[in-house]
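Reader: Pick one side chain and take a close look at it. Is it buried or exposed, and what does it pair with? Then work outward to how the chains meet.

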Amino acid sequence: MKRQIPLALVFIFGIFHIFQYFVPHESSEWLYEFFLKWIYIIGIFALALGIWSLIRVSWDKVKHRRPNWPYALITLGGLFAMIIFGFDYFRHFFTAEGLQNYMFRAFFDYILIPIQSTMFSLLAFFIASAAYRAFRARSLLATLLLLSALIIMLRFNPYLGFFGDYMEKTASWLLNVPNLAAKRAIIIGVGLGMVATSLKVMLGIERQYLGKD
Amino acid sequence: MNIFDRMMSLDRRWVFLLLAVVCVVTYVWPFSIPIRTTDEVENIFDFIDTLKEGDYIFLGIDYDPNALAELHPMTYAIAEHAFRKKLKIIFATLSQNGPGMADQAIRDITDSVKLDRTYNGVFYPGRTIVNGVDYVFLGYKPYFALVILGMGQNFRIPFPTDYYGTPLDSIPMMKGILNYDQIKCVVDITAGNVADAWISYGQGRYNFPLALGLTGVMGADYYPFLNSRQIFGLMGGLLGAAQYEKLSDNPGPAMDGMRIQVYAHIVIIFFIIIGNIGFLASRKKRMGKEVK
Amino acid sequence: MANSKRISAIILIIVIATFLLSWIIKAFNLEGSPNNTGLWFSIRDAFFITIAAFLTLAIFSFLYKDNPYYKFAEHLFVGISAAYWMCVGFWSTLIGNLVPNISSSLSTFFRVPYKGLHFTYFVPLILGIILLMRLSSKRGWISRWALAWIVGTTSGLNLIRYLRTDFISQVSNTFIPLLVDWKGVGPFFSHFSLSSTGQFAMTLSNWVIFIGVFCGLIYFFFSKEHKGIFGTASRVGIWVLMITFGASFGYTVMGRVSLLVGRLTYLFRDWLGLIS
Amino acid sequence: MKLKILSIFCSLLLGIVPLAIAQENADTASVDSTAVASPAPVSQLTAVDTDNDHGHSISLKWEPSPDDGAGLKSVIGYEVYRAESPGGPFVIRAALPSGASSHIDVGAKEKESGDYMADYTDYYYKVRAITADSLVYSDSDVFGPVQCYGQWFNTGRIPVLVFVIGFMCTTILLIQKAKSGAKLFVRRLAGIEAVDEAIGRATEMGKPILYVLGLGTAADIATIASYTILGRVAKKVAEYQTRLIVPCYDPITMTVAQETVKTAYADAGRPDDYNEDMVYFVTQSQFAYVAAVNGTMLRERPATNIYMGLFYAESLILAETGALAGSIQISGTDQIAQIPFFIVACDYTLIGEELYAASAYLGREPLLLGSLKAQDYAKAAFIVLAVIGFLTINFGIDWFKQLFYISN
């Protein structure tokens, strides 16, 4: 009962969506759209679970004075401040309501966005250190990796003279030809892997995610 | 630990530091770097450079703010070059989110033409660019294929008035300007399939000289049209824009961007080489030891 | 130990002083700017600009090593972003999508237009509540029904989607001519040239694509030992893959450096005002 | 039939008259380029319900005006008009560039929409050839009535159906074969073999193992594949009594991962060692998640980091920080753009499909091996089809390629 019903549900919904693909009629489309809408609504309830987990883990850290516990207070402070601003619907502490609340927007614009884009820009540094660390001519494969990366990185270097022209041509050939071939091979493999895994899930062969007992 | 071992296992913070220093220096210090110019871009520059004072060109700003970083430098470089040569420009945009951005860009360009400048050894006194006399901005109309075709008959069909609502017939510079026949060339700057429409509906049917400015990713797909002479020039991405800035001796955002890019790439390549020298040298030594 | 504590305290004081100073200077600067709307606003805006600059530098400090400033920014980021998505989800999905379809009084309460009672919307509501049953240790297993629903739906959708786009469409994309007619200039041998965009190069490229796809696929064969011809093909496959990976790595560098330039622009122009 | 002949006759007549006038006025036209003679109208307009759709749409076809690209060359485009009675009023539905000879008129399916197009209702169409002068145009005959309606089977998707059934049958057959005891070979996957060793190393060092599921939701297949690997890792971890850390990006993923780890601990016979806080939610924001995981890596110093699932730009940030912390790193993703970064920064990487093969490799169950074999057969089928395909293409045979054509 605990296990059979979920497996049956997985199978029924899976088969339904396969059939749905071949039926263009409105009634089938209507069901399909509803299923998609529902997923978002369920996602919100799941998010509540997530937030609960975050609060519990952070609070645990504070309560047991685990290492770095004061920082957990910052997480909780940020979380509750943002929730209060974001739910400021009836009280009007500030100038606007709900998501239009001034502080909510300001936290988004001046805290979330700058940290986010800075985290993203760390990639410039990490791509450099990864290149330094890993691009060594250790083996044939590593050398191929290294050479093709070098050619691409030199493609617009202005200090190479006439040599640069060849670099540029080789680089664009590399990007257009072998790149296409390898990507297609990977895509086909990944596609088949996904199809096979989906099938295994529907047939109940792959069911790690449902747990036991 | 000898020098080769050290080269091989540098603390990555040196990599970070050097990259950061190089990026900041090249960002703040506006020196210019050599840019290799290619035929595709030179063709566009030469074409515009040899036009006579008072000639008309058409500049299509057919991208939206998403592609601004890559394509704005091209618009700025070409428009400023044309204004300095006292050409007259017809601007239009076939991208829905384009008009506001294009209007702002035109204002910026006319502002910078007010200053005295020397380009390629020739002194150009600053002059005031007047809307309706030196340029006209037609604005945006949907169905780009139809607009391109319509302009082949008469600009007044898709655009009875300009962006600011003035009827084209009452704009001084549009007197006697009916369609592409009175225009020396069309330069279309775009990030989308408007380029295909310009080639097939515009150039294909009305046979005017057409040049394209495209994003870096799109560039490679349009080389066949150069071979078949359907377009006379092509600029791809920041690199193409930087070439135009170099040719017109007017360093701008593209040259700035390329300066940082080139040096950042050099730093990374430098570290790759260091690492490999260290690696190969220490492997040789290790192998030598094993033999003994 | 005491010494290192003192050093970090001194650094902390310097950092606080620097950013306080920056706040004050920025406030004066904004006061003089043309679209200024009053003293309070320039103080407030200057505060936020300075905070953003501080957080930017705090994240960059991670490159040196893990430190209290990074930890501060990191934990703040986690808390605020989690709450941000929750608020957005609450207002747009729960209030924007669910409430107008299930209750008129709640709709009035949240000031959203009531769309009438739709019983279908009770299904996700019930499934959502079922999911929350996880919190109960006894009834936790019921939440699997909701999971089964999500996983079943997506596996059905994915099976079709990937079979179509990643397999069938790729089959016909691989049907390419191995002798290229070049742009109407006639059959292969009538217009033979070595130009990089010419017929010969195109033909060569098509061969490379074809062999590349083949060998790449053979590398992904799992149930056959990679030996003999099969092994050679699989080795060629991994070469092509490696060349491609190197190329995409090299190609991405440009975009990543652009991101860094974006942050430098914030620091030098928007915050410090050094560059116009 | 009579009607058709009559309409062709009329359209010819309508076409010739303006042509004659235009010939006479040819000289004046060149002087004033805005004055254009009426072009010949389009002929043979037909309209039918659009096939393989949900209704609310009608497909039109016509012969372009003789003055489009030839003759007077005055047609710059066409406008499609629709009415609910033959007499009108006609409403414009689309504007098309010259050269067009077909159009699919798609309406909205919602009754509230202004663009609503009812099924099982009579509609009438005409197509107008337009010229540069908005006052000069010519209309085709009105065609109608025509109705639209939805279909119950999309014939354009038959190729997909064939492949779905083919793949399902092969898989089930091979699973049966594997169940009946046939021995199936699986090639070595270095990345997966490294997992066991890495767990042993973590135990020796007394350090935890970090398992990152990536940014996927429970709806992503890569994440589902990752659960299987997580289950295996968790079981081993439970046996060795090492610590496991699983920070999650998506709340549903978190609940599933909790279930998976809990089960694995129960399987290993240590259900009491399982702790809800091993698998925890961080935040649903990409870079905040990365910032937190980075922090965890540098503070907890895990012996091994395992990244399996869906990753985007953060792949390199995570992998480089992990390398900095000195952890052994094993990764696997199906995101093509991220594979290079994992290859460069991690010790072992499962490339694309290898991630999906990993679960079969780990489980060694006949059921899973059977489906892996089916995947290989599909790849072999692909190679065979591609060879036939390019042979046919190079010999100028087109029908084989058409077999793979899927309409919308």
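Author: Start with the cut-offs. A residue counts as buried under 20% relative accessible area and exposed over 50%, with partly exposed in between. The model is predicted.

Take B:Lys85. Its relative accessibility is 22%, so B:Lys85 counts as partly exposed. Its partner is B:Asp49: the two side chains form a salt bridge, N to O, at 3.9 Å. That falls inside the limit, because a salt bridge needs the nitrogen within 4 Å of the carboxyl oxygen. B:Lys85 sits in the loop between helix H4 (68-84) and strand E2 (88-93) of chain B. B:Asp49 belongs to helix H3 (residues 39-49) of chain B. The two are 36 residues apart, and the pair links distant parts of the chain. B:Asp49 has 28% relative accessibility, so B:Asp49 is partly exposed too.

Other charge pairs follow. Chain B has a salt bridge between B:Lys114 and B:Asp111, with N to O at 3.4 Å. B:Lys114 is partly exposed at 45%. B:Asp111 is partly exposed at 43%. In chain D, D:Arg232 bonds with D:Asp196, and their closest N and O atoms are 3.5 Å apart. D:Arg232 is in helix H5 (residues 221-240) of chain D and D:Asp196 is in helix H4 (residues 190-205) of chain D, so this salt bridge ties together parts 36 residues apart in sequence. Relative accessible area is 30% for D:Arg232, which is partly exposed. D:Asp196, at 29%, is partly exposed as well. Shared partners also build a network of salt bridges from D:Arg82, D:Arg93, D:Asp105 and D:Asp115. Over all chains, the structure holds 31 salt bridges.

Now the interfaces. How many salt bridges cross between chain C and chain A? The rule finds 0. There are 11 residue pairs in polar contact between these chains, both residues at pLDDT 80 or more. On chain C, the side that touches chain A draws at least two residues from each of several helices, among them H2 (39-60), H5 (122-132) and H7 (199-219). H3(C) gives the most, with 26 residues. By class, this side of chain C splits into 71 nonpolar, 27 polar and 10 charged residues. In all, the contact takes 108 residues from chain C and 112 from chain A. About 10600 Å² is buried between the two chains, 82% of it on carbon and sulfur atoms. C:Phe48, C:Arg144 and C:Trp149 lose the most area to chain A on the chain C side, together 7% of what that side buries.

Chain C also meets chain D. Here 54 residues of chain C touch 61 residues of chain D. The buried area is about 5400 Å², with 74% on carbon and sulfur atoms. Across this interface the rule finds 3 salt bridges. One salt bridge joins C:Asp66 and D:Arg299, N to O at 2.8 Å. Polar contacts number 15 residue pairs, both at pLDDT 80 or more. On the chain C side, H3, H6, H7 and H8 give two or more residues each. H6(C) gives the most to this side, with 16 residues. Its classes are 33 nonpolar, 12 polar and 9 charged.

Next, the interior. The largest nonpolar core has 269 residues, and A:Met119, C:Phe167, D:Tyr211 and D:Leu244 touch the most other members. Leaving out residues up to four places away in sequence, A:Met119 touches residues of chains C and D, including C:Ile59, C:Tyr70, D:Phe287 and D:Ile317. A second, separate core has 47 residues, among them B:Tyr63, B:Met101, B:Ile129 and B:Met258.

B:His265 also meets other chains. B:His265 is placed in helix H11 (residues 253-291) of chain B. Its relative accessible area is 0%, so B:His265 is buried. With residues up to four places away in sequence not counted, B:His265 touches A:Met153, A:Phe156, C:Gly250, C:Val253 and C:Met254.

Last, the backbone. Most residues other than glycine have a negative phi. B:Asn120 has a positive phi, near 50 degrees. B:Asn120 lies in the loop between strand E3 (117-119) and strand E4 (122-124) of chain B. B:Asn120 is partly exposed at 47%. D:Tyr120 has a positive phi near 50 degrees. D:Tyr120 is in the loop between strand E5 (102-106) and strand E6 (123-131) of chain D. At 58% relative accessible area, D:Tyr120 is exposed.

How values were computed
Residues are numbered from 1 along each chain as its sequence is written. Chains are lettered from A and ligands numbered from 1 in the order in which they are written. This is a predicted model: local features need pLDDT of at least 70, side-chain atom pairs count only at pLDDT 80 or more; totals for chains, interfaces and linings use all residues. Side-chain values use heavy atoms; hydrogens and water are left out. Contact means heavy atoms within 4.5 Å. Buried area is the accessible area (1.4 Å probe) that two parts lose on being put together, summed over both. A polar contact is a pair of N or O atoms within 3.5 Å; within protein, one must be able to donate a hydrogen and the other to accept it, and residues adjacent in sequence count only if both atoms are side-chain atoms. Helices (H or I, at least four residues) and strands (E, at least two) are DSSP runs, numbered from the N terminus. Ala, Val, Leu, Ile, Met, Phe, Trp, Tyr, Cys and Pro count as nonpolar, Asp, Glu, Lys and Arg as charged, and the others, Gly among them, as polar. A nonpolar core is a set of buried Ala, Val, Leu, Ile, Met, Phe, Trp, Tyr and Cys residues joined through side-chain atoms within 4.5 Å. Buried means under 20% relative accessible area, exposed over 50%, partly exposed in between (1.4 Å probe, protein chains only).
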